[in-house]
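Biologist: Please take me through one part of this model slowly, and then work outwards from there.

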Amino acid sequence: PTSPQMASSSPEAPCSCDCFVSVPPASAIPAVIFAKNSDRPRDEVQEVVFVPAGTHTPGSRLQCTYIEVEQVPKTHAVILSRPSWLWGAEMGANEHGVCIGNEAVWTKEPVGEEDALLGMDLLRLALERSSSSREALHVITDLLERYGQGGSCREDPAPFCYHNTFLLADRTEAWVLETAGRLWAAQRIPEGARNISNQLSIGTDISAEHPELRTHAQAQGWWGGQGTFDFAQVFSLARQPVRMEAAKARFRAGRELLRQQAGGITAEVMMGILRNKDSGICMDSGGFRTTASMVSILPRDPTQPCVHFLTATPDPSRSVFKPFIFGVGTAQAPQVLSPTFGAQDPVRTLPRFQTQVDRRHALYRGHQAALGLMESDQDRGQQLRQMQQDLEREGLEAVRGLLAGEWAPPPQERGCLFQTFVERECQAYT
């Protein structure tokens, strides 16, 4: 059998994602624009979950994917796009306009197979506990220090583990946080556009770091202790897993796509980048593909709402980005919620993932049937694609009107916007 280190970096390992952010003046409007493609095992179902704000008994515990952590007295409302078998999320936002996406990364620090917090758990915990991207950064690094990161990241008896990098954004700025075990480095993005892919990308421009980062690197013989300290250079593996090498090309392509649009980046531009197949950013290769996508508009003006567009379905080039706004009457859209299996869930029974369960939600089923038609029946496929484009355009128009002050729906209607679009998409597939 191969060593765990090798198993974790097999060429089929689902370890690719891309995150993007545009901070004025790179954005076309006075807003921070955030985007992410979640690339995962090709049959994994991603659901969109709304969790309202909550208050919790002092001293209570919280069950994450594999381990328990201490709960905090108050948690914020969140919208999450997550692989439906786990507790955390690939990407999401909270009611304060904080958005986070994460990526798999391998470094010189060994990955942990023992149960710990997944990067996706850290992402959700940060959204539930912070009201700014800077605060979210502290939440993640504190939890990392206390609990570490590790555990298998896919529904498979063979463990698959990685470390994480994060892109965090709010209405005013963005942060890139890159980790290696419990160690980390962070870079503040006060303006301009930035992307992350499956590799370390923070060089010498470090805004904050783990207090032992440099002494550890020196003790390991990775850094001489003199002159400049380049985080990516010092902590990256000399021989990367196959997929990490492929990610370099995606990272460069993403950076170039952002550069071409600098000063004119909008939600639509980000959606276009997420749909870019030539670069591999919109992925469909081997055992995995882009299973869900998200784009958020975070206006500088605090009186304007933040808007989050989510697909809840695979392949953004053939999916609908539907607008979500936190507000009165915001509730879970049942059509994008996967069935639950309680104590019988293969993630709960030990040894884990010995069996497979059907996690497809209603929208996912309808969308899969539509994708089939797009491939087999040209006329019907074209009609469906047209319907998707019309529905998405309608959502974008509504949001444009809302942010321009031309459309002022009652709060209740605003809170139900996502639900309305999900229902309409479901109907179109039947």
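Modeller: First a cut-off: a residue is buried under 20% relative accessible area, exposed over 50% and partly exposed in between, using a 1.4 Å probe on protein chains only. By that yardstick strand S1, residues 16-23, is mostly covered, with eight of its eight residues buried. (Strands are DSSP runs of E with at least two residues, helices are runs of H or I with at least four, and both are numbered from the N terminus.) This is a predicted model, where local features need pLDDT of at least 70 and side-chain atom pairs need 80 or more, while totals for chains, interfaces and linings use all residues. Numbering starts from 1 along each chain as its sequence is written, and side-chain values use heavy atoms, leaving out hydrogens and water.

Let's stay with S1. In a regular strand the side chains alternate between the two faces of the sheet. Here, Ser16, Asp18, Phe20 and Ser22 sit on one side of S1, Cys17, Cys19, Val21 and Val23 sit on the other, and both sets are buried. Asp18 is listed right there with Phe20, on a covered face.

Now for the neighbours. Two strands count as paired if DSSP finds at least two bridges between them. S1 runs antiparallel to strand S2 (residues 31-41), and seven bridges hold that pairing. With strand S14 (residues 192-196), S1 makes five bridges, again antiparallel. Phe20 is a handy residue to click on, as it has a bridge partner in each neighbour: Ala35 in S2 and Asn195 in S14.

Follow the chain out of S1 and you come to Pro25, in the loop between S1 and S2. The peptide bond from Pro24 to Pro25 is cis, with omega near 10 degrees. There's another cis bond from Leu350 to Pro351, with omega near -10 degrees. Pro351 belongs to the loop between strand S19 (322-324) and helix H8, and Phe353 is found in that loop too, between S19 and H8. Phe353 has a positive phi of about 60 degrees without being a glycine, and it is buried at a relative accessible area of 4%. Asp315, in the loop between strand S18 (307-310) and S19, likewise isn't a glycine but has a positive phi of about 60 degrees. Asp315 counts as buried, at 5% relative accessibility. If you're wondering why I flag these, most residues other than glycine have a negative phi, and most peptide bonds are trans.

One long-range detail ties back to S2's stretch of sequence. Gly287 is in the loop between strand S16 (284-285) and strand S17 (288-299), and its C-alpha is 8.5 Å from that of Arg40, although the two are 247 residues apart in sequence. Gly287 is partly exposed, with a relative accessible area of 29%.

Next, the open sheet. Eight strands make it up, in the order S3-S8-S9-S10-S11-S12-S13-S15, with antiparallel pairing. At its edges are S3 (46-51) and S15 (208-209), each pairing on one side only. Inside that order, S12 (residues 174-180) and S13 (residues 183-189) are antiparallel and joined by seven bridges. Glu178 has Ala185 of S13 as its bridge partner.

Last, two helix pairs. Axes are lines fitted to C-alpha atoms over the stretch in contact, with angles from 0 to 180 degrees between N-to-C directions. The axes of H8 (residues 362-376) and H11 (residues 417-429) come within 9 Å and cross at roughly 45 degrees. H8 and H11 are therefore oblique to each other (under 35 degrees is roughly parallel, over 145 roughly antiparallel, 65 to 115 roughly perpendicular, and the rest oblique). From H8, Leu363, Gly366, His367 and Ala370 make the contact, and H11 brings Glu425, Cys426 and Tyr429 (contact means heavy atoms within 4.5 Å).

For H2 (residues 119-129) and H3 (residues 133-147), the axes come within 9 Å and cross at roughly 130 degrees. That makes H2 oblique to H3. Leu122, Leu125, Ala126 and Arg129 of H2 touch Glu135, Ala136, Val139, Ile140, Leu143 and Leu144 of H3.
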